[in-house]
Amino acid sequence: MGDVIQSVLAPAGIQAARIAHLWWVMFWVCTVVFILVVGAMAIAVTRGRRGASDAGHRVLSRNVAIATAASIAALLVLLTHSVVTGRALETLKTPDALRIQITGYQWWWDVEYLNPQPSLRAVTANEIHIPVGRPVGLTLLSSDVIHSLWIPNLHGKIDLIPGRVNEMWIQADRPGVYRGQCAEFCGLQHAKMAITIVAEPPDQFEGWVAHQREPAPPPTLPSQQRGLDIVERGPCAMCHTIAGTTAGGRTAPDLTHIASRSTLAAGTVPNTRGYLAGWIVDPQHVKPGNKMPPLALSSSDLQALLDYLETLK
Amino acid sequence: MTTRAIDVSGLPEYGFGHRSILWWATLGIVAIEGTMFALLIATYLFLKGRAETWPPGVSPPLLTWGTVNLVILLASAIPNELTKRAAERLDLRKVQIWMAVCIAFGIAFNVVRIFEFRSLNVSWDTNAYGSVTWALLGFHTVHILTDLADTAVLALVMFIGPVDEHRFVDASENAMYWYFVVIAWLPIYAVIYLAPRVA
Amino acid sequence: MSAARPVTGRVEVLDADDPRLGSASLERERRQLDDAWAYARGIAGWLSEVNHKAIGRRFIATAFVWFSLGGVLAVLMRLQLSRPENTLLGPDAYNQIFSTHGTTMMFLFAVPVMLGMGIYVVPLTIGAREIALPRLVAFGYWMFLFGGIFLYVNLLLNTGPDNGWFSYLPLSGPEYGIGRRADVWAQLVTFSELSSLVVAVSLVVTIFKLRAPGMALSRLPLFAWAMLVVSFMIIFAMPAVMLSSSCLIMDRLVSTHFYNQAEAGDPLLWQHLFWFFGHPEVYIIFLPGLGMISPIIATFTGRPVFGYLALVMSLIATAFIGFGVWVHHMFATGLPQFGQSFFTAASIMIVVPTSIQIFCWIATVWTARRIVFATPMLWILAWFCVFIIGGLTGVMLASVPLDLQVHDTFFVVAHFHYVLIGGAVFPLLGGVHYWFPKITGRLLSERLGKLAFGLFFVGFNLTFFPMHILGLHGMPRRVYTYPASMGWGNLNMLASIGAGIMALGLLVYLTNVVVSLRRDEAAADDPWGAADLEWATSSPPPPYNFLPSPTVGSRDPLWHPELEPPVVLGLAADKREVLVTHLLDGEPDHRLEFPGPSIWPLLAAIATTILFVWSIFSPWGVVWGAIPVFVTLVGWFWPRKGRPPREVEADRLAGRLTPTEITS
Ligand code: HEA
Ligand code: HEA
Ligand code: CUA
Ligand SMILES: [Cu+2]
């Protein structure tokens, strides 16, 4: 499988690398154990078949005891390695880390870049950018049912549980685009609740986040203006926010910079004009059961809306 | 073939206590329901441990009726033990008498239970504290109700028949179950009435 | 090994030439027993039957029906997942199907089928005439049957469970669990747990009190030991899920807040309660399988299993540790580090007793007199390969950091199918093949049996091995589809093909059952040359199991005829009388008349079913539904024999009624 966009075995950060190392130790120890035990059984079968064994009770007891002791020793090795790895995973916590709050919704991710200064916060959805080489502390919340954030190339998963606050510490050591997915069954569209992680050099990241803090640019062309009118007066504004407009709904993904994201509907389809149009007109076809109702729009209204949304870079 | 044999026809046709199959079956049921009570108590303590204040937003239950029931339940151990002993002596007259007394006790604590529910100061749908408190009291009530019903049916048999030795074994097992219901009340009482009063 | 300990009390030892041991006398007894224990006839008789062999057979057959349905659902899932972005099943159908598959396999197949084997085999292997509390066991069967029907009727009505086999909150709670689906799941659990609980109690009592004279606990066959330990696990584990699912129903029906974080409840409370049951549950499925391995290995190697005491202690240790590891299913919930290390250590500790058992079996095979590669033995030898793979992935999962990666992925799906199927279903299919002649009086065909085994073995590995790799490559479980760009297509296709081969293997297995049942050739009493008591009677046994009833002088009674244990005489033959023995040493204690066929267990089960179903719709269902339950229970337990109280009292006053001592 050449694909490494979502894999435990292709670590792109220190946390996943530590676990991958643990995995390979486990894998080899267990392989050896398997060969030894099944091999012993195979020898036993060939000997037993001849009915030739003269091993006395004493010898058998001794051998069973030795095998048990060896197993315990192997288990202690694995246990130690596991605990040591667990400790190491804790060491990424640092006070000056980048802090991001991720809230799970059926079936998308709300993302907020935290900052003590409220004006420096940024809100987006379903896609996060992180600077390479810097620890990132994720605060994990849920607004409805239990979800679980899993970005295998960076770390294992942690659940998002209503009424609880969980944390996860990651760091990307290689720039790249990684895919994550909700891992806890959360209802109808659990399968289509993905998240994109873009790890980029720190200065590039700073530029990106600064841009995300900006409100949406005002429309310039008439058709774009008409698109904004549709958003503000139509049903969109009840659920979505577009900073700098009157659209301020909080129950659906923030659209302020929707055009800068690579996918739609939490990784369900690529973010192109065609897919966006298909999504707006018939979201239930693309992702049955999701909470967005279909919009009955004339084709010119639809084009205007698309024109506007495409400006939300 | 020279088969030897043992002849068991001289053995009795019933046995009390741990010799009896029913005793073990009753013990099995006690184990199941005891586990259930223990888990409910664990649930209570788990929720209490997570809450900032306990009971959350309501006052603790009044002590009066629960304590009254504690006394009645403990006192019921006396006729219960007398029933058990009479049964193991196959003394039908005494069994009839003491079972009737047990039934009177059973009615008494079921009636007092109504007042207990009314003095809990919380409803099951107020919050999780209310839910688990009602569940504890409710589950115990199911036990005192079914045990009362059991005892009543068995007493009826003792009065109108048909009676044989096995009914005395039944009466003895029934008494054992009654003990379980009484003993289970001690930790439940402590949890319902005392736990909300300690931090 | 010493001969049976001398029996004491009012037990008489007869010489071999006693006339009561003559064939004429035995023949008379046989005729009486045939009468007293006759299977009930006709439809009404069928509905009232309580004999452990009839009920055991029904348990096994019914469990295999649910297994086939659950397997068909699995094949549907495999079809859906065989290609990326497949549209055979939509999300709603897929979610109901995987949930019903898991629920069926755990609650309606794996546990009941093992209990069914226990109900059938345990009384025979300990030399008893009947299981203790036979009517209760019949009641358990009806609850099990009605529960399964209830589940599948709801699946057909599109109200099948859709939150997986552990139904996490809040997804299944009042706010997000739409319709009645979560209630259906919760009530199915209540049905099946009630059934398992009553059977568990019966098995404990049977094993404690109905063993043949001379069968001290230290001579109890290992299969019976496994069922004893499992029964205890059921008794202490299943109340947790009955409690948690009752609370779930109450949250949904009467607005309690057990799991509602907004009102001082907690969704994680559910997970703790569920897994406090759920982890022991997997060992409840697994230990009977271990129990079947011992007699099969002993039989086909011609050697008593090495390390009896170690095996027994291992079973018990597994049960104990099994109650202390539940949190390893919750590592990703973000519990404190220290607690997690504790549960890792406990989960790893549980490997030790399992490995001791494996080493003892290897030692047995090592010193075999001969090895007969009959089909049951093949299933067991294969068990060593597949179960160990599953066990080793379990060790990996027990490590918190690694589990954070592979939790809720197909890696876990691979683990648990390797242990459930590899660890429990392999011995089960071998065990069914092994005991089939005893149960039906016909041997299964070895040729078809080996073909079925081969297909299943290949198909099984082809299905589930690739899932490890899929999990490592990021495929979460419980997804109804996946994008083509993930690159998971090929391995999924392979798994689906494997599932087809596995289904074919099972088809051959079931064909073998049907074909063999029609064969004329009757099976011998002891076709395999086995050591345990069930092989001392005819195949199938008479309703009363043994004539005369055996006693036991060693752990492998049939292999030690030179110890010549005496037989039991003096049990009444004109009624269903059973010998009750002492808990530890198995000495005769008293004779007890057992109940015969009765329609009341069925009626009580119907009344209970009404209560359970009604309570999904209204809390009053519990109140009003309790009345018919009460009535049927009174009908059930109301005594039929005895005399008017006045006469009994008169007897006592005249000194004609003397109580037996409480203890002997
Ligand atoms: C028959 C059932 C069965 C059995 C026997 C086991 C056996 C084990 N299981 Fe498994 N398990 C399940 C059924 C079972 N499991 C199920 C159904 C689930 C998933 C539920 C769900 O989520 O739906 C699960 C999930 C599960 C998890 C949670 C995974 C997750 O959700 O993230 C974990 C984690 O610790 C775990 C661990 C173990 C361990 C340590 C054993 C051990 O007992 C294994 C011991 C055996 C061996 C190790 C092999 C033999 C030993 C030797 C050859 C000796 C030498 C060995 C060494 C030195 C290593 N299991
Ligand atoms: C003992 C338990 C048991 C058994 C035997 C099985 C048997 C099988 N399971 Fe099971 N499985 C579980 C317990 C079990 N499973 C559990 C607990 C879950 C978790 C559910 C959850 O997440 O909540 C699960 C989940 C699960 C999944 C994951 C679903 C998901 O997460 O999205 C998959 C996917 O492939 C799967 C496949 C199979 C297959 C192919 C079989 C095969 O072995 C089945 C073979 C059997 C038959 C095919 C039937 C008999 C054959 C015939 C009658 C012949 C005729 C039939 C045909 C021609 C079709 N199972
Ligand atoms: Cu969110 Cu699965
Ligand atoms: Cu487990």
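Which side chain of chain C has an N or O atom 2.8 Å from a nitrogen atom of ligand 2? The legends below refer to a predicted model.

**View 1. Polar contacts of ligand 2 in chain C.** The side chain of C:His417 places an N or O atom 2.8 Å from a nitrogen atom of ligand 2. The elements giving two or more residues to the shell around ligand 2 include helix 14 (410-440) and helix 4 (91-125) of chain C. C:Tyr94 has a side-chain N or O atom 2.5 Å from an oxygen atom of ligand 2. For C:Arg78, the side-chain N or O atom is 2.8 Å from an oxygen atom of ligand 2.

**View 2. The shell around ligand 2.** The shell holds 31 residues. Among the closest are C:His101, C:Trp165 and C:Arg478. Helix 3 of chain C contributes the most, with 7 residues. By class, 22 residues are nonpolar, 6 polar and 3 charged.

**View 3. The copper ion (ligand 4) and its donors.** Three histidines coordinate the copper ion: C:His279 through ND1, C:His328 through NE2 and C:His329 through NE2. The distances run from 1.8 to 2.1 Å. Along the chain, the donors follow the spacing H-x48-H-H. C:His279 sits in helix 8 (residues 267-301) of chain C, and C:His329 in the loop between helix 9 (308-322) and helix 10 (337-349), so the pair ties together parts 50 residues apart in sequence. C:His279 is buried, at 3% relative accessible area. C:His329 is partly exposed, at 21%.

**View 4. Copper and iron.** The copper ion (ligand 4) is 4.6 Å from the iron atom of ligand 1.

Methods:
Residues numbered from 1 in each chain as written. Chains lettered and ligands numbered in written order. Predicted model: local features only at pLDDT ≥ 70, side-chain atom pairs only at ≥ 80, totals over all residues. Heavy atoms only, no water. Donors = N, O, S within 2.8 Å, 3.2 Å for Na, K, Ca; no water. Helix = DSSP H or I, 4+ residues; strand = E, 2+ residues; numbered from the N terminus. Buried < 20%, exposed > 50% of the residue type's maximum accessible area, 1.4 Å probe, protein only. Near = heavy atom within 4 Å. Polar contact = N/O pair within 3.5 Å; in protein donor to acceptor, adjacent residues only side chain to side chain. Nonpolar A, V, L, I, M, F, W, Y, C, P; charged D, E, K, R; others polar.
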